[in-house]
Amino acid sequence: MSEPLLRALTRLRGVLLDEEQLVRAVASGHRRGGAPKPPWRRAELRYVDLKAGRRLQSVTFDATQSFTANHAPGDAARDAVDDLLDLGFGQWEVETLDEVHRLRVNKSGEAVVTTTRREAAETAPDRSHDRAKDRLLPEDHPVLVALGISDAQGRVRSARQAKYRQVEEFLRLLDGTVTAALESGKLRRPTVEDPLRVVDLGCGNAYLSFAAHAHLSARGLPVRLTGVDTKAQSLRHGREVATELGLGADDVDFVQGGIDDAEVAPAPEVVLALHACDTATDDALARAVGWQAPVVLAAPCCHHDVAAQLRRAPTPAPYDALTRDGILRERLADTLTDAMRASLLRLEGYRVDVVEFVGSQHTPRNTLLRAVRTGRPPREADRDELDMLTETWRIRPRLGELLER
Ligand SMILES: C[S@@+](CC[C@H](N)C(=O)[O-])C[C@H]1O[C@@H](n2cnc3c(N)ncnc32)[C@H](O)[C@@H]1O
């Protein structure tokens, strides 16, 4: 049943200002019928305990960023609540210790409110203020909602927990690498006129592309991201998500094509290639070298090429025990492939390390090659090391062929 909006919002205001009872409130959407759109895609309120005492925390989200403010109880909290209630959001979901209120504004501009009771034990409110701070992309970030990792209430879906963990781990690595490269001058400081050019080769559904764009933008780094994939469906999905987030082609664009030959111009400065299959990772690394990209992050996927070569070639003494059983041979192939990729990148003037991407308890594909271009000339010792490896095992890494080394 509908009721006058003002009456329902006044009731809601009392609930929002009850610091003992309120667990969390989320405002989203906009009212129909020509009412001005709120400047935020969504807003969230909860009480947090800071050193200075309890505060009403508001987090507002635009297409790519979130903004947090803490308001002292009393006038400041009342003003913050009133400002949000005035903004013309179309829905409110307000959780208290024992109830959930859902308010929706209907076509006639009236409120439809439903209230459901909940088990008290479920709802101990989390008042810690730094919960979201540990996250590079908070659970309720619009990008995660648009990608379907989080639900409309801004909570990571249980089936998408692993993806969220992967996004966070990846952002942590990206953040550290970009920060170090900027500080050491290996990466230029981008400007609004000339944003950082990032390419995601084999972007798939572009989870990591959008996450990278959102995180770098939130850090104040203007960024233009290009996703490349052979699959038309991936690109359609990426474009739909970009539209939903209000991002234009100057922010995020998608190119259908192979990693080895897709047209990406001007040359990207940060090259991402995450779980591109088999030798597609070699194609990505070769492209990065061709572009002289200052920063490269590549998480290899399967390593069939070297595994097949190991099966065909006689195993050198005394290493039979390493290749007799399939599982060990596969793991050896993974290790050899990535070690040779790292060596080849070093010969191309990159400082390279191979690090864990996500914990091995979550996925076996948990290696990441992190390379920063220093331009150092190749060293004889590196060349010799690579030669000995390929001659001993009688293998020819695909990246070596592509780079003609
Ligand atoms: C396992 S998915 C990974 C997607 C995404 N990078 C991620 O980590 O969530 C691999 C993607 O790479 C794409 N891909 C594989 N080989 C490719 C190639 N040679 N050129 C372009 N895309 C390729 C596939 O179509 C697929 O979407």
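Reader: How much surface does the protein expose, and what share of it comes from carbon and sulfur atoms?

Author: The protein exposes about 19200 Å², and 48% of that area is supplied by carbon and sulfur atoms. Please keep in mind that this is a predicted model.

Reader: What are the overall dimensions of the protein, and how many helices and strands does it have?

Author: Its C-alpha trace spans about 80 × 45 × 45 Å along the principal axes. Within that trace you can find twelve helices and 15 strands.

Reader: What part of the chain counts as buried?

Author: Of the 405 residues, 50% count as buried. The cut-off for that word is a relative accessible area under 20%.

Reader: Then why is Asp-278 called buried or exposed?

Author: Let us set the value against the cut-off. Asp-278 has 19% relative accessibility, and buried means under 20%, so Asp-278 counts as buried. It sits in the loop between β12 and α7 (280-291). The backbone of Asp-278 also deserves a look: its phi is positive, about 45 degrees, although Asp-278 is not a glycine.

Reader: And what makes Arg-394 buried or exposed?

Author: Here the relative accessibility is 57%. Exposed means over 50%, so Arg-394 counts as exposed. Arg-394 also has a positive phi, about 50 degrees, without being a glycine. You will find Arg-394 in the loop between α11 (380-393) and α12 (398-403).

Reader: Which class does Leu-322 fall into, and why?

Author: Leu-322 has 38% relative accessibility. The class between under 20% and over 50% is partly exposed, so that is how Leu-322 counts. Leu-322 belongs to helix α9.

Reader: How do you know which residues Leu-322 is in contact with, beyond its neighbours within four places in sequence?

Author: The test is heavy atoms within 4.5 Å. With those neighbours set aside, Leu-322 is in contact with Leu-328, Arg-329, Leu-332 and Trp-393. Take Leu-332, ten residues away along the chain: its C-alpha atom and that of Leu-322 are separated by 7.3 Å.

Reader: What share of the contacts across the whole protein joins residues 24 or more positions apart?

Author: Counting contacts with a separation of 6 or more, 67% are between residues 24 or more positions apart.

Reader: What makes the span of α4 close to the expected one?

Author: α4 has 23 residues. The expected span is 1.5 Å times one less than the number of residues, and for α4 that comes to 33 Å. From its first C-alpha to its last, α4 reaches 33 Å, so by this definition the two values agree closely.

Reader: Which residues of α4 are buried, and what covers them?

Author: Among the buried ones are Tyr-164, Phe-170, Leu-171, Leu-174 and Val-178. The cover for the buried residues of α4 includes α3 (142-146), α5 and the strands β12, β13, β14 and β15. Just past the helix, α4 is followed by Gly-185, with a positive phi near 80 degrees.

Reader: Does α4 turn up elsewhere, and which elements give two or more residues to the lining of the second largest pocket?

Author: α4 is one of them, together with α5 (207-218) and α6 (232-244). The largest share, three residues, comes from α5. The pocket holds about 430 Å³ of space. It is lined by 24 residues, and those nearest its centre are Gly-202, Cys-203, Gly-204, Leu-274 and His-275. By class, the lining has nine nonpolar, eleven polar and four charged residues.

Reader: Why is a space called a cavity and not a pocket?

Author: In a cavity a 1.4 Å probe fits but cannot get out, whereas a pocket is open. By this rule the count comes to one cavity of 30 Å³ or more. The largest cavity has about 60 Å³ of space. Its lining includes Asp-278, which we met above, as well as Cys-302, Thr-337 and Arg-398. Two helices, α8 (304-312) and α10 (326-347), each supply at least two lining residues. The lining of this cavity has three nonpolar, three polar and five charged residues.

Reader: Where are the cis peptide bonds before Pro-266 and Pro-318, and how do you know their omega?

Author: The bond from Ala-265 to Pro-266 has omega near -5 degrees, and the bond joining Ala-317 and Pro-318 has omega of about 0 degrees. Pro-266 lies in the loop between β11 (252-256) and β12, while Pro-318 lies in the loop between α8 and α9.

How values were computed:
Residues are numbered from 1 along each chain as its sequence is written. This is a predicted model: local features need pLDDT of at least 70, side-chain atom pairs count only at pLDDT 80 or more; totals for chains, interfaces and linings use all residues. Side-chain values use heavy atoms; hydrogens and water are left out. On a 1 Å grid over the protein atoms alone, a cavity is a set of points where a 1.4 Å probe fits but cannot get out, and a pocket is an open set with protein on both sides within 12 Å along at least five of seven lines; lining residues have an atom within 4 Å of a point. Grid points are joined across faces, edges and corners, and a volume is the space filled by probe spheres set on the points. Helices (H or I, at least four residues) and strands (E, at least two) are DSSP runs, numbered from the N terminus. Ala, Val, Leu, Ile, Met, Phe, Trp, Tyr, Cys and Pro count as nonpolar, Asp, Glu, Lys and Arg as charged, and the others, Gly among them, as polar. Buried means under 20% relative accessible area, exposed over 50%, partly exposed in between (1.4 Å probe, protein chains only). Accessible areas come from the Shrake-Rupley method with a 1.4 Å probe; for residues, only the protein chains shown count as cover.
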